[in-house]
Amino acid sequence: MKRKKQFGLLVLLLLFLLSSIPVSAASGVAATIGDTEYSSLYDAVKEVQNGQIITLQKKFAAESGSRDLKLEADVSYTIDLNGYKMTNGGGHAAIYVRKGTVTMKNGTLGISLVANEGTKVILSSLKTIKANSPKIEIQAGAKLTVSDTTCYSIENNGTATIKSATICHSITNGSSGTMKIKNFTMKSKDTSIENSGKMTIKKGTYYQTAASQTNEIYNKSGATMSISGGTFKTKSNLLINNHGNLTISGGTFTNTKGSTSVAVGPLVANGGTLKITGGTLKSVCGSHANTVNNDGTFKMSGGVLRATGKYSIALNVLSGKVVITGGTIYSKQDYAIEISHLFKGTYKCSKKASVKTGARTSAVYWQE
């Protein structure tokens, strides 16, 4: 009798455990909208209504390795990844946001996403899969907001606001793009930023870790970039290549001491218009590592230019126009400012600026 009771208790316990397993997991449900279950996310996105939440109930992998997920509902809704991954199924599939406002959150986005004109995408609390190289592509007329998210790369031709993000590879802002970066982290050997439109950077950490790489912060001709804060470092020599309009009002910019034993380029190459009103730019690596090489228009009213390497000049004037009304320009082992014998432009330096050298009798040298 005792054994029968024990067996009965075991049966009841087993039934209880089975009843506690979610129906979605037991039945293969892929996603839910409220109490409605869907065997495929493809079906769920076709029926979603304004204000609703699609919740994943298992990992999403694009079907047949290349079937795109097309988001065409012209409403505002959320896809809650619920801790699961969305991948391209090993193929070339992508998510296409063709209409509406879509929020994606709480999971891993290992598939590329393309937002078409007139759409809005909000990414929140997402991770990425580096091996898949998924990119976020925002087309002209589309909007993107990113917060607490890790992305592999972002290509923007619309309007993008990066509230807080880690970018594994690159940021590209096209000629029609407007990008506001409030806080970001980039640290890898492939790290790069390329701007052809309008970009503002308020805060963050940028570190290009490969000494042999040529990747850099590249502000193209006709582009506008403003940097007001952050820490920017490179193990190679060139950190910023400017051919557009660049304003630096804050932040720290430097190459590391382990860069190269003999440097072949400056920290900043300016062929456009560079305005420095604040911040600190320091070249601290090997010899001949100038802080700024100028071939364009250089204006400085505040901030610090500093070069510490042997034969390293803080401001090397090759051509163009130079107007210095304030700030500090200092070279530890060479001239603070050197002006090429080929220079035929405009050079003005106010006494309000601090221009000093730690090794020469004169801080400014005009080549003969």
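# Strands, core and selected residues

In this predicted model, strand β14 and strand β17 (residues 192-195) pair in the parallel sense over 4 bridges, and within β17 the bridge partner of isoleucine 171 is isoleucine 193. Strand β14 has further partners, and following them one by one gives a picture of its surroundings. With strand β13 (residues 143-156), β14 forms a parallel pairing over 12 bridges, in which cysteine 151 stands opposite isoleucine 167 of β14. Strand β15 (residues 178-181) is joined to β14 by 4 bridges, again in the parallel sense, and here alanine 160 has methionine 179 of β15 as its bridge partner. Finally, 2 bridges connect β14 with strand β16 (residues 184-188), the two strands running parallel, and alanine 165 stands opposite phenylalanine 184 in β16.

These pairings belong to a chain whose secondary structure comes to 3 helices and 38 strands. Of the 368 residues in the chain, 49% are buried, and the chain exposes about 17200 Å², of which carbon and sulfur atoms supply 49%. Among contacts between residues at least 6 apart in sequence, 47% join residues that are at least 24 apart.

In soluble globular proteins, nonpolar side chains tend to be buried together. The largest nonpolar core of this model has 83 residues, and Met86 and Met104 are the members that touch the most others. The largest share of this core, 5 residues, is supplied by strand β14, which spans residues 159-173. Once its neighbours within four places in sequence are set aside, methionine 86 is in contact with residues that include Leu41, Leu56, Phe60, Leu69, Leu81, Ile95 and Ile111, and Met104 is also one of its contacts.

Leucine 56, one of the contacts of methionine 86, also leads to another set of strands, where alanine 31 stands opposite leucine 56 in β3. Strand β1 (residues 31-33) and strand β3 (residues 53-56) run antiparallel and are joined by 3 bridges. Strand β3 is also joined by 3 bridges to strand β6 (residues 76-80), but in this case the strands run parallel, with isoleucine 53 standing opposite threonine 78 in β6.

Two residues with hydroxyl side chains can be followed in the same way. Serine 40 is found in the loop between β2 (36-38) and α3 (41-47), and it counts as buried because its relative accessibility is 12%, under the 20% limit. The side chain of serine 40 reaches the backbone nitrogen of tyrosine 42 at 3.1 Å, and, leaving aside neighbours within four places in sequence, serine 40 is in contact with Ala30 and Glu63. Threonine 254, by comparison, is found in strand β25 (residues 252-255) and is buried, with a relative accessible area of 11%. A polar atom of the threonine 254 side chain lies 3.1 Å from the backbone oxygen of lysine 282. Lys282 also appears among the residues that threonine 254 touches when those up to four places away in sequence are not counted, together with Phe232, Lys233, Thr234, Leu239, Leu267 and Val284.

The cysteines deserve a separate look. A disulfide is a covalent bond between the sulfur atoms of two cysteines. A search of the whole structure finds 0 disulfides. For cysteine 168, the closest cysteine sulfur is that of cysteine 151, and because the two sulfurs are 8.0 Å apart they are too far for a bond. Cysteine 168 is buried, with a relative accessible area of 13%, whereas cysteine 349 is partly exposed, with a relative accessible area of 32%.

The last point concerns the backbone. Most residues other than glycine have a negative phi. Asparagine 106 has a positive phi, near 60 degrees; this residue lies in strand β9 (residues 101-110) and counts as partly exposed at 33% relative accessibility. Serine 133 likewise has a positive phi, near 50 degrees, but serine 133 lies in the loop between β11 (120-128) and β12 (135-138), where it is partly exposed, with a relative accessible area of 37%.

Technical notes: Residues numbered from 1 in each chain as written. Predicted model: local features only at pLDDT ≥ 70, side-chain atom pairs only at ≥ 80, totals over all residues. Heavy atoms only, no water. Core = buried A, V, L, I, M, F, W, Y, C linked by side-chain atoms within 4.5 Å. Buried < 20%, exposed > 50% of the residue type's maximum accessible area, 1.4 Å probe, protein only. Contact = heavy atoms within 4.5 Å. Polar contact = N/O pair within 3.5 Å; in protein donor to acceptor, adjacent residues only side chain to side chain. Disulfide = S-S within 2.5 Å. Pairing = 2+ DSSP bridges. Areas by Shrake-Rupley, 256 points an atom, 1.4 Å probe, with all protein chains shown as cover.
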